[in-house]
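Here are a few friendly notes to read alongside the model. Keep the 3D view open and follow the points one by one.

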Amino acid sequence: MEKKFIRAIFPGSFDPITNGHLDVINRGVKLFDELVVAVGRSPIKNPLFTPKERVEMIAELIADIPRVSVESFDGLMVEYAAGKKADVILRGMRSLTDVHYEFKLAMTNRSVAGIETVFIMTSEQYGFTSSTLIREVASLGGDVSKLIPKNVYNCLQQKLPKTPRKTWS
């Protein structure tokens with residue numbers, strides 16, 4: 001029996017991409033023949049980086065990972081996945097809180113578009129990390145350099161105004 005080629009989509013805002021996202025990419029590419037990192041544009045989020053900037057940062061990070069590509073998309077993720085002829089949606093989960101949200105999303109995607117979702121639990125050291133938290137801590141002058149790749153950290157430093165750390169007396 002011939003093995004079926006499996007294309008997976010790893011969607012997200014990636015604003016910015018974190019070490020946790022990279023962990024999911026590196027582990028996900030071992031499961032699928034092709035992995036497309038899909039940078040979405042959410043109408044309810046106020047992004048720090050443009051889709052083009054996010055794609056460029058991710059492209060630099062995945063340049064040496066075979067069978068992984070990155071692009072941005074507009075609209076419904078399931079429509080994008082269908083257009084790419086994807087077999088699977090890859091999602092990373094950090095905590096029990098994610099399970100509830102991701103379960104509803106996966107059930108909706110399967111019901112609406114017939115596409116399955118595969119979940120990868122992030123590695124323990126990234127279980128608390130989120131792009132939103134990183135943006136918030138960085139905007140208040142906190143050090144997030146261990147939570148994101150170096151090229152992303154440099155872009156974040158350029159994007160955010162220099163905010164001195166607050167001290168308590």
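1. Leaving aside its neighbours within four places in sequence, which residues is V37 in contact with (heavy atoms within 4.5 Å)? The residues are F10, F14, I25, I58, V68, S69, V70 and E71.

2. A word on the source: this is a predicted model, where local features need pLDDT of at least 70, side-chain atom pairs count only at pLDDT 80 or more, and totals for chains, interfaces and linings use all residues. Residues are numbered from 1 along each chain as its sequence is written, and side-chain values use heavy atoms, leaving out hydrogens and water.

3. Now look at the largest nonpolar core, a set of buried (under 20% relative accessible area, 1.4 Å probe, protein chains only) Ala, Val, Leu, Ile, Met, Phe, Trp, Tyr and Cys residues joined through side-chain atoms within 4.5 Å. It has 31 residues, and F10, I25, V37, I58, V68 and L156 touch the most other members. Helix 2 (51–62) gives the most to this core, with 4 residues; helices here are DSSP runs (H or I, at least four residues).

4. A second, separate core has 11 residues, including F73, Y80, A86 and I89.

5. Next, find the largest pocket, an open set of points on a 1 Å grid where a 1.4 Å probe fits, with protein on both sides within 12 Å along at least five of seven lines. About 1,200 Å³ of space lies in it, counted as the space filled by probe spheres set on the points.

6. Of the 43 residues lining this pocket (an atom within 4 Å of a point), G12, S13, K45, R91 and Y101 are the closest to its centre. Helix 4 (96–113) gives the largest share of the lining, 8 residues.

Methods. Buried < 20%, exposed > 50% of the residue type's maximum accessible area, 1.4 Å probe, protein only. Helix = DSSP H or I, 4+ residues; strand = E, 2+ residues; numbered from the N terminus. Contact = heavy atoms within 4.5 Å.
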